[in-house]
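Work through the exercises below with the sequence and the 3D structure in view. Each task is followed by a solution in steps.

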Amino acid sequence: RVPMVRGLRAPAAAARRHGAAAGAAAVKAPAPPVASTLPVPTFSEVKFKKEDVEQVMLELPEFNFYEMKEDSPNPYKGTTMDRSILISPPQPSLVAPKLEFSKLENGLKVASIDKQGLTASLGLFVSAGSRFETVANLGVSNMVSMMAYRSTAHLSHLRTVKTLEQLGANSTATCIAGREETSYQVSVLREFVPLVVPLMIGNVLFPRLLPWEVKDASKQVKVERAALAGDADAMVNEMLHKAAYFNNTLGQSPVASERSLAYFNQDTIRSYLMDHFAPERMVLVGVNVAHSELAKWAMRSFVDYNAIPLKDREAAKAVYMGGDLRNDVNSPFCHAALGLESVPWGQAELAPVSLLRTILGAGSANSKGISSDSISRLQKQIIEQNPYVESCAAFNTSYSDGGLFGVYGVSQAAKSGDMAISMAKTLKSLTTVSADELAIAKAALKVKMFRDSDDDLKLMKDLGQQLLLTGTYGSASDFAKMIDAVTPAQLTAAATKLLSSKLTFVAHGDNTALPHYSAIEAALK
């Protein structure tokens with residue numbers, strides 16, 4: 001199993017900290033970033049207008065909120081796969097997919113691309129995550145996600161759940177609070193988009209936050225903390241951010257802790273919504289949906305209500321600190337990661353850094369693929385040379401003003417020290433890349449990006465995050481041009497800059513054989 005830590009377009013017993021508490025004064029001042037040339041989309045304005053309610057209702061698809069199903073013989077029994085069961089099969093619309101952008105009067109951005117698929121993927125992205133929390137409300141963004149799809153001014157919790165069930169979307173309706181954004185996502189048959197858009201927007205426009213629902217949701221805190229503790233990959237990712245951005249912005253966990261239970265209440269959640277959930281900080285994205293329909297139903301969802309007013313907020317800059325954080329637990333394995341300061345979204349250096357991640361690649365003792373044999377240095381230099389290493393993967397995570405680049409590996413506990421030193425040496429070797437290796441990495445990275453753009457959910461998430469974090473959008477074709485333009489000199493410069501940052505080292509599991517932080521740091525020099 002290859003460990004996965006979130007990357008570009010894509011990887012508590014005794015805790016010991018050594019370097020994480022270093023002061024900000026010890027951090028080197030970064031060189032001025034070079035902005036990328038990604039296109040800034042032009043948004044057409046969508047005016048609010050009052051409409052006749054009866055006429056609006058006529059546009060809704062036929063739908064029964066309450067339907068009792070009785071057992072009946074399957075009318076399609078014996079039908080083979082080569083026969084259509086549709087009475088009136090839809091005729092294909094042979095129109096090339098096109099990205100379209102709009103903005104409501106209140107500032108909410110709407111973006112869509114219609115690939116003519118039968119299932120629409122919808123996402124509502126809000127610029128509100130754990131980095132915007134304070135000491136007084138740590139964990140509140142996670143509380144907001146736990147209260148998603150509950151009672152609103154229009155629908156009770158029960159009716160919301162039953163509606164999603166009737167639409168076949170109960171398993172696809174999710175709300176995830178991250179470090180910089182909170183995203184509401186639903187996948188549904190495209191004809192039901194007019195029903196789902198108001199339901200999604202109701203979560204951010206007029207949630208009721210009923211006391212008994214808040215109390216019920218608070219029980220999820222312990223469940224999610226237990227799930228985090230039981231997932232070594234997620235735990236390492238959490239520790240990486242905590243050590244790298246110690247006690248600031250991106251270092252704050254998006255998962256609430258038990259200390260949050262003391263203020264898990266209506267007032268805390270509502271105050272956070274009022275501070276951050278203005279429509280100017282939102283992006284509504286749809287894939288496989290007509291843009292005119294998406295923009296129209298977004299407008300209708302807001303037109304009769306006063307949205308949350310936009311407030312000024314202090315956007316504290318992410319300060320990379322680096323350091324050492326280890327968590328000893330009873331395990332036959334050691335999960336370790338080496339992290340370095342990476343580039344944020346929207347910077348020209350993102351292309352060479354992504355190529356470096358591709359060159360490192362990923363590998364597993366149990367499986368091999370094209371990336372393992374043709375590209376991955378981690379496969380060749382670590383997995384194939386060390387039978388005690390279970391898996392190893394490179395990662396690159398970019399945010400609006402920071403990022404993390406590095407390697408994550410899993411090995412038998414007794415050999416974890418050797419694995420850590422080997423990972424450091426492999427990172428150090430990135431300053432030297434052959435022309436053939438660069439050409440293969442460019443081809444592999446472009447293939448991955450174009451394949452990801454065919455995945456509706458990945459495309460929806462990528463579109464929403466780029467617009468939210470940078471205000472620009474680069475398609476797979478745009479990034480492919482940037483990748484083709486990368487020179488060996490740019491690759492070397494990017495690797496040198498990464499390696500010049502302070503090391504972040506984290507470990508989870510049996511850490512008894514790991515060397516001191518200084519020994520791992522020395523292997524990078």
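**Exercise 1. Describe the order and pairing of the open sheet of 7 strands.**

Step 1. Reading across this open sheet gives S2-S3-S4-S8-S5-S7-S6, and the pairing is mixed. Strands here are DSSP runs of E with at least two residues, helices are runs of H or I with at least four, and both are numbered from the N terminus. Two strands count as paired if DSSP finds at least two bridges between them.

Step 2. At the edges stand strand S2 (44-46) and strand S6 (174-177); each has a single partner strand, so one side of each lacks a neighbour in the sheet.

Step 3. From one strand to the next, the twist averages 20 degrees. Such angles run from 0 to 180 degrees between N-to-C directions, with axes fitted as lines to C-alpha atoms, for helices over the stretch in contact.

Step 4. Within the sheet, strand S4 (residues 109-113) pairs with strand S8 (residues 282-287) in the parallel sense over 5 bridges. Lys-109 is found opposite Val-283 in S8.

**Exercise 2. State how far the model can be relied on, using pLDDT.**

Step 1. The model is predicted: local features need pLDDT of at least 70 and side-chain atom pairs pLDDT 80 or more, while totals for chains, interfaces and linings use all residues. Residues are numbered from 1 along each chain as its sequence is written, and side-chain values use heavy atoms, leaving out hydrogens and water.

Step 2. The protein chain has a mean pLDDT (the predictor's confidence in each residue, from 0 to 100) of 89, and 90% of its residues reach 70 or more.

Step 3. Residues 1-31 have pLDDT below 50, and this stretch has 88 contacts in the model beyond near neighbours in sequence. A contact means heavy atoms within 4.5 Å. Residues 369-373 are also below 50, with 10 contacts beyond near neighbours in sequence. Where pLDDT is low, predicted coordinates should not be read in detail.

**Exercise 3. Find where helix H4 (residues 193-205) lies and what surrounds the helix.**

Step 1. Helix H4 lies across strand S5 (119-126), strand S7 (182-189) and S8, and runs at about 15 degrees to S5.

Step 2. Of the 13 residues in H4, 12 are buried, so the helix is largely enclosed by the rest of the structure. Buried means under 20% relative accessible area, exposed over 50%, and partly exposed in between, with a 1.4 Å probe and protein chains only. Among the buried residues are Val-193, Leu-199 and Asn-203.

Step 3. Those buried residues pack against S5, helix H3 (157-166), S7, S8 and helix H9 (291-302).

**Exercise 4. Trace the pairing of strand S12 (residues 389-398).**

Step 1. In S12, 9 of the 10 residues are buried, so this strand is largely enclosed by the rest of the structure.

Step 2. Strand S11 (residues 362-364) pairs with S12 in the antiparallel sense over 3 bridges; here Ser-364 has Ser-391 as its bridge partner.

Step 3. S12 also pairs with strand S13 (residues 403-412), antiparallel over 9 bridges. Ala-393 has Tyr-408 in S13 as its bridge partner, and a hairpin of 4 residues joins S12 to S13.

**Exercise 5. Is Asn-137 buried or exposed?**

Step 1. Asn-137 sits in the loop between S5 and helix H2 (140-146).

Step 2. Its relative accessible area is 14%, so Asn-137 is buried.

Step 3. Outside its neighbours within four places in sequence, Asn-137 contacts Tyr-263, Thr-268 and Tyr-272.
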